Amino acid sequence: MDKRTLIFLSLLPAVALLHGPVLLGGFVWDDHAMIEGNPELSDLGNIPAMFLRNYFGERANVGLFRPLVNVSLAIDYQVWGGDHAAGYHLTNLLLHLLGGLLFYLLLRRLTSRPWFAEAAAMLFLLHPASAEPVGWIVARGDLLAFVLMMATMLFHLMGRKKALWHALALLTFTLALFGKLAAGPLPLLLLLVEGCVRGLRGRDLLRPATLWRYASYAVPILLYAVVRKSAMGTLLPEGVGVTWGNVDSFSAATVGVALMLRYAGLFFLPVGMCADYSADPLFVPREVTGIASSPVVFFMAAATVALVVLAIWLRRRSPFVALGILWFFTALLPVSQLIRIGAVMADRHFYIASAGGVLVLVTLLFMLPRLRVICGIALVVSFALLTVNREAVWRSDLTMIMDVLKETNYPENDDAVNRLGLYRGRVGDIEGEEAAYRRGLKLSPGNRFLLKNLGGVLLETGRISEAEGVLQLAFRQRQPQDRQKAAIAYNLSLALIALDRKPAAALVLEEAVLCLPPLALAFDRLGRLYRDDLGRPERGVLLIRQAEAIETLAAQGRMPR
């Protein structure tokens with residue numbers, strides 16, 4: 001290990017100290033379901049099953065398949081248990097530091113200028129793009145993917161002479177895919193690295209040894225596809241896991257490519273970042289087709305293409321600028337809606353891409369011989385301050401929700417208002433909970449989630465008639481036969497029973513027991529109505545037994561509660 005590497009390693013504790021406040025954070029958003037509400041994590045014997053089911057298991061299915069994240073959470077659970085968030089945050093922080101170190105080692109192999117590698121890796125570690133994946137526990141899929149991608153690149157470069165290194169590259173690429181599909185563009189990134197920096201030309205790819213090395217990366221991709229198809233029943237996200245499922249491909253791709261430029265803007269000027277962009281008018285499915293035809297979006301998409309062309313032209317003149325631009329946009333391909341995914345935009349989406357961005361930034365920085373020190377210090381300080389500020393957003397559910405609802409972001413995000421109500425309810429602030437739901441219903445009068453939750457508050461506070469009216473509005477909507485409809489029906493049945501309308505309550509619960517996944521409370525309540533009040537004891541006993549079976553499966557983690 002040379003002196004410069006030791007110097008870089010000595011800086012990592014300072015970076016860890018900067019990110020250290022994340023250890024004070026708790027479980028946020030999906031963390032609750034993935035860790036606190038996930039009994040599977042308590043037994044490492046469940047690890048093989050994690051490769052045979054979707055990301056959320058039986059609790060939900062939004063088209064995600066990230067078994068390596070589940071495995072890492074299970075290992076954390078053995079060390080920290082299910083109620084010490086600091087340990088999980090520590091794992092995320094260590095993964096980020098390891099990714100930065102491997103990125104530094106990769107750049108040391110690509111350039112003879114150690115200062116370039118040091119500056120680029122340090123800016124990567126400090127950039128606000130890291131705030132969400134470091135600060136939000138279940139966003140560690142990006143961290144795992146990046147660590148394994150950097151390992152794959154290092155093994156690939158060493159594998160030019162020894163087959164063992166290339167075998168390790170294939171192994172780490174396979175693991176990266178099981179961490180998150182964001183690792184998918186890795187073979188293209190390898191081509192860019194060798195083409196821009198190491199002088200690989202098109203005709204070189206036709207050499208048998210080179211052709212075999214690159215063709216072999218199809219094996220991990222095929223393996224991932226087979227395992228995913230077996231676990232999920234589909235190769236691509238679909239249904240509730242897709243935000244733009246009904247948007248035509250041209251519009252989705254146009255807006256997706258335009259978003260790449262928006263990510264580039266966030267990288268170079270990381271202000272205006274947000275924990276949830278779902279309320280952005282640009283991402284509302286019914287409006288995407290119209291937006292895609294707007295001059296602004298076409299200009300953004302054209303500008304993205306122009307930057308790619310510029311990078312190709314710069315390949316010989318400024319290799320690292322070319323590599324940085326092409327890396328940035330290539331890394332964004334999995335989230336560009338060319339393949340439809342759930343979240344249209346998220347700060348974590350450009351974490352891997354930011355490694356390309358810092359190559360451009362450092363190259364431009366060192367083109368200013370008289371100002372490089374001042375500009376470099378200014379960048380480090382500004383990135384550090386912004387990162388600390390963004391990581392504080394992921395400290396708790398409340399800080400995350402309030403970030404979304406602040407005036408400069410999306411104060412009319414009804415989903416965030418609903419989450420605010422749920423948070424108020426968890427901390428015992430019933431008045432605040434009700435106020436949040438009513439605020440949300442002013443923004444979105446027919447929102448069934450808000451209606452259901454408001455109805456629950458009204459039931460809890462004894463306003464039965466008002467609760468019945470609110471829950472009837474939610475129940476009568478056209479909606480899928482899902483868990484939400486079952487919950488609405490269950491709450492409505494409680495109101496009807498309180499109003500001594502038990503036959504009507506039974507009719508409502510009959511619809512609830514048809515919903516999937518099944519709600520044990522609905523089966524139990526309907527069974528007791530039939531057994532004790534409506535003169536159908538045999539059917540009642542059968543339903544109560546079904547409720548007990550559902551509870552047993554839920555306790556085993558094989559079905560959501």
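Contact here means that heavy atoms lie within 4.5 Å of each other. The model is predicted, and this briefing follows a few of its buried residues, one mostly covered helix and one pair of packed helices. Trp136, which sits in the loop between helix H7 (131-135) and helix H8 (140-158), is taken up first, and the helix pair H22 and H23 comes last.

**A tryptophan in a loop**

- Trp136 has a relative accessible area of 5%, and because buried means under 20% relative accessible area, Trp136 counts as buried.
- Leaving out residues up to four places away in sequence, Trp136 touches Val28, Trp29, Asp30, Asp31, Asn92, Ala131, Arg348 and Trp394.
- With Val28 there is also a polar contact, in which the side chain of Trp136 reaches the backbone oxygen of Val28 at 3.1 Å.
- His89 stands 47 residues from Trp136 along the chain, yet the C-alpha atoms of the two are separated by 7.6 Å.

**Buried residues within helices**

- Asp403, found in helix H19 (residues 397-405), counts as buried at 4% relative accessibility.
- Not counting residues up to four places away in sequence, Asp403 touches Met273, Cys274, Ala275, Arg390, Val393 and Asn409.
- Leu379 belongs to helix H18 (residues 372-393) and is buried, its relative accessible area being 18%.
- Once residues up to four places away in sequence are set aside, the residues that Leu379 touches are Leu123, Leu361 and Leu365.
- Between the C-alpha atoms of Leu379 and Leu126, which are 253 residues apart along the chain, the separation is 9.5 Å.

**Asn418 and its partner Asn453**

- Asn418 lies in helix H20 (residues 414-426) and, at 8% relative accessibility, counts as buried.
- Apart from neighbours within four places in sequence, Asn418 is in contact with Tyr437, Phe449, Leu450 and Asn453.
- The side chains of Asn418 and Asn453 are joined by a polar contact of 2.8 Å.

**Helix H10, mostly covered**

- Helix H10 (residues 186-196) is mostly covered, since nine of its eleven residues are buried under the cut-off of 20% relative accessible area.
- The buried residues of H10 are Leu186, Pro187, Leu189, Leu190, Leu192, Val193, Glu194, Gly195 and Cys196.
- These buried residues pack against several other helices, namely helix H5 (85-110), H8, helix H9 (163-179), helix H11 (208-215) and helix H16 (319-331).

**The pair H22 and H23**

- Two packed helices are described by the angle between their axes and by the distance between those axes.
- For helix H22 (residues 448-460) and helix H23 (residues 464-475), the axes come within 8 Å and cross at roughly 165 degrees.
- Because angles over 145 degrees count as roughly antiparallel, H22 is roughly antiparallel to H23.
- The crossing of H22 and H23 is left-handed.
- On the H22 side, the residues that meet H23 are Arg448, Leu451, Lys452, Leu454, Gly455, Leu458 and Leu459, while H23 contributes Ile464, Glu466, Ala467, Val470, Leu471, Leu473 and Ala474.
- Sorted by character, the residues of this contact divide into ten nonpolar, one polar and three charged.

Notes: Residues are numbered from 1 along each chain as its sequence is written. This is a predicted model: local features need pLDDT of at least 70, side-chain atom pairs count only at pLDDT 80 or more; totals for chains, interfaces and linings use all residues. Side-chain values use heavy atoms; hydrogens and water are left out. Axes are lines fitted to C-alpha atoms, for helices over the stretch in contact, and angles run from 0 to 180 degrees between N-to-C directions. Helices (H or I, at least four residues) and strands (E, at least two) are DSSP runs, numbered from the N terminus. Angles under 35 degrees count as roughly parallel, over 145 as roughly antiparallel, 65 to 115 as roughly perpendicular and the rest as oblique. A crossing is left-handed if the near helix is turned anticlockwise from the far one by less than a right angle, and right-handed if clockwise. Ala, Val, Leu, Ile, Met, Phe, Trp, Tyr, Cys and Pro count as nonpolar, Asp, Glu, Lys and Arg as charged, and the others, Gly among them, as polar. Buried means under 20% relative accessible area, exposed over 50%, partly exposed in between (1.4 Å probe, protein chains only). A polar contact is a pair of N or O atoms within 3.5 Å; within protein, one must be able to donate a hydrogen and the other to accept it, and residues adjacent in sequence count only if both atoms are side-chain atoms.
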